[in-house]
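The following paragraphs lead the reader through a single protein chain. Please keep the sequence and the three-dimensional view at hand while reading.

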Amino acid sequence: MSRERRSRIRWPIVRMMATRLMLRDEAVGRGVYRLTWGAVILLLLGLVPLLLGVHELALVVTIGVASMGLLAAVCLRLFNPAMAVSVVGVALACASLMTALSVTTGFQLEITRALARVNGHVLLTKYGLDFFEYERLADEWTARDEVVAASPFAYSMVALVYEPPADEATEPDEDTPSAGPTIVVGKGLLPERAAQMDGFLDVLGGHDASVLRPGDTRHLPGIVLGRGLAKRLGADVGARVRVVVPPGVGEVEANGPPRHAPFEVLDILTTGTSELDRNMALMHISAAQALFFREARATGIEFELHDPELAEAVADRMAAELPQLYRISTWRETNSPMLLGLQQIRATLSLVLGLMVVVAASSLIASLLLLVRRKRHDIAVMMAVGGTRSLVFWVFEAVGLFAGGVGALMGLSMGALFCLVIDTFRYPLGSDIYPVDHLPVVIRAIDALGPAVVAVVLCGLASGPVAMLAARVRVIASLNR
């Protein structure tokens, strides 16, 4: 038989024998069946109420325990015990790494989305105090294909003071928020332009930008407070607050009197980012200009793009086309400390949880060594009837690759289940510690396929030395046993 003919029939034989070595030789015991049905019932008891809106931490724990039990039961039913241990280890490692990467991706995208809703992707400001042409520049650049919307804004640090109604008790108690001034970011916007920013209306409680109204003879100017800020002030919709520009801020002289004006709270801002919700107050740009500058100029223009990744290219184009009087920055530059911290957390989690994949692949060595020891006689028979050492090597190498592949597929399924549970449960996070109010999760292809590919490659590398050992089995000595 020619070498080409033998090479064509080798791989079907390798697949058949590798699969046979992985599967169980004996019948499955009743304990495995009980474990399977128990895990399925426990999984349904936890998953169904969670999907119906019952958000209890005990349900999440139940789903986690049940899914791991079901994984162990399936592997024990299909594979011999030694291989089942390795497959379960690879699956748990892939699921853990996939879940961790998806959570960090969710953090990054959630923070980026929240920042873009309020601050845009590209920021255009001007050196000096004469930015009066903001309407013309906003219209000019909104006509570009990459730009979705442009929103001019006026910005200043301000102090907010809650003004209780006349009939409200003045005696403070332990549960009443502090009535003292709260230093926050005051930001004036044009409602019609801000409403064009993707997601801006979603962060407003009433989803209506008209709450950013200017003042007139019959109404106070409207103000929108972040959810955390409103809680700090104890001010709800309909309350009255006084906005104060302290001396030395903006155009107020350091030794001059502060400027101040009353505003009516017309809505509550919920960005999903606790830092913004605690420290931001929005108002109409005309009211902000009158209070901050006493003239109709802007601090800058925020641009939203179709794709945030185009921010650097658009910024470079602006720098080339506009005079050097203007300063351009991107969302990556303005939020670089936060984004750098997320990247470091992601790298650390990948390293730590990646070691689990290495450990799981290393455990495959012990399983294969045990398999070689048990199958020495079968290996010798195969070599005695014409099987080559190369065939034996690839059979055991295929066992390692199949174990890694099956474990990776099971890990992807379990990781997807964990991500679904996290997304449904929306685990709340402390607003004083985390920039997001819940645990976000977003599954990307690289976060799912990356751990799976690494697991298969490591399993293939780990099984190589054992496959070489199996190929060197002494035929005569093993047949005489």
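Thr182 counts as buried, because its relative accessibility is 9%; buried means under 20% relative accessible area, exposed means over 50%, and partly exposed lies in between (1.4 Å probe, protein chains only). Thr182 belongs to strand β3, where helices (H or I, at least four residues) and strands (E, at least two) are DSSP runs, numbered from the N terminus. When neighbours within four places in sequence are left aside, Thr182 is in contact with Val158, Ala159, Leu160, Leu229, Arg232 and Leu233; contact here means heavy atoms within 4.5 Å.

The model is a predicted one, in which local features need pLDDT of at least 70 and side-chain atom pairs count only at pLDDT 80 or more, while totals for chains, interfaces and linings use all residues. Residues are numbered from 1 along each chain as its sequence is written, and side-chain values use heavy atoms, with hydrogens and water left out.

The chain as a whole may be considered next. Its secondary structure consists of 17 helices and 9 strands. Along the principal axes, the C-alpha atoms occupy a box of roughly 105 × 55 × 35 Å. The chain has a radius of gyration of 32 Å, whereas a compact globule of 481 residues would have one near 23 Å; the radius is taken over C-alpha atoms, and the globule rule is 2.2 Å times the number of residues to the power 0.38. Of the 481 residues, 47% are buried. Among contacts with a separation of 6 or more, 80% join residues that are 24 or more positions apart. The accessible surface amounts to about 23900 Å², and carbon and sulfur atoms account for 62% of that area. Such areas come from the Shrake-Rupley method with a 1.4 Å probe, and for residues only the protein chains shown count as cover.

A second buried threonine is Thr330, which counts as buried because its relative accessibility is 3%. Thr330 is placed in strand β9 (residues 326-330). Apart from neighbours within four places in sequence, Thr330 is in contact with His121, Val122, Ala311, Glu312 and Ala315.

One of these partners, His121, leads to the second largest pocket, since His121 is among the residues nearest its centre, together with Thr112, Arg113, Ala116 and Pro308. This pocket holds about 310 Å³ of space and is lined by 16 residues. A pocket is defined on a 1 Å grid over the protein atoms alone: whereas a cavity is a set of points where a 1.4 Å probe fits but cannot get out, a pocket is an open set with protein on both sides within 12 Å along at least five of seven lines, and lining residues have an atom within 4 Å of a point. Grid points are joined across faces, edges and corners, and a volume is the space filled by probe spheres set on the points. Helix α4 gives the most to this lining, with 6 residues. By class, the lining has 5 nonpolar, 5 polar and 6 charged residues, where Ala, Val, Leu, Ile, Met, Phe, Trp, Tyr, Cys and Pro count as nonpolar, Asp, Glu, Lys and Arg as charged, and the others, Gly among them, as polar.

The largest pocket has a volume of about 470 Å³. It is lined by 21 residues, and Asn119, Tyr155, Leu276, Met280 and Asn335 are the closest to its centre. At least two residues of the lining come from each of α4 (81-119), β1 (122-126), β2 (147-163), β3 (182-189), α9 (274-279) and α12 (331-334). The greatest share is that of α9, with 3 residues. This lining divides into 10 nonpolar, 8 polar and 3 charged residues.

Which residues does Val60 touch, not counting those up to four places away in sequence? They are Val421 and Phe425. Val60 is found in helix α3 (residues 57-78) and is partly exposed, with a relative accessible area of 24%. The C-alpha atoms of Val60 and Phe418 are separated by 9.0 Å, although the two residues are 358 residues apart along the chain.

Two loop residues complete the tour. Most residues other than glycine have a negative phi. His207, however, has a positive phi near 55 degrees; it lies in the loop between α7 (200-203) and β4 (222-226) and is partly exposed, at 48% relative accessible area. Arg426 likewise has a positive phi, near 50 degrees. Arg426 lies in the loop between α15 (389-425) and α16 (445-471), and its relative accessibility of 45% makes it partly exposed.
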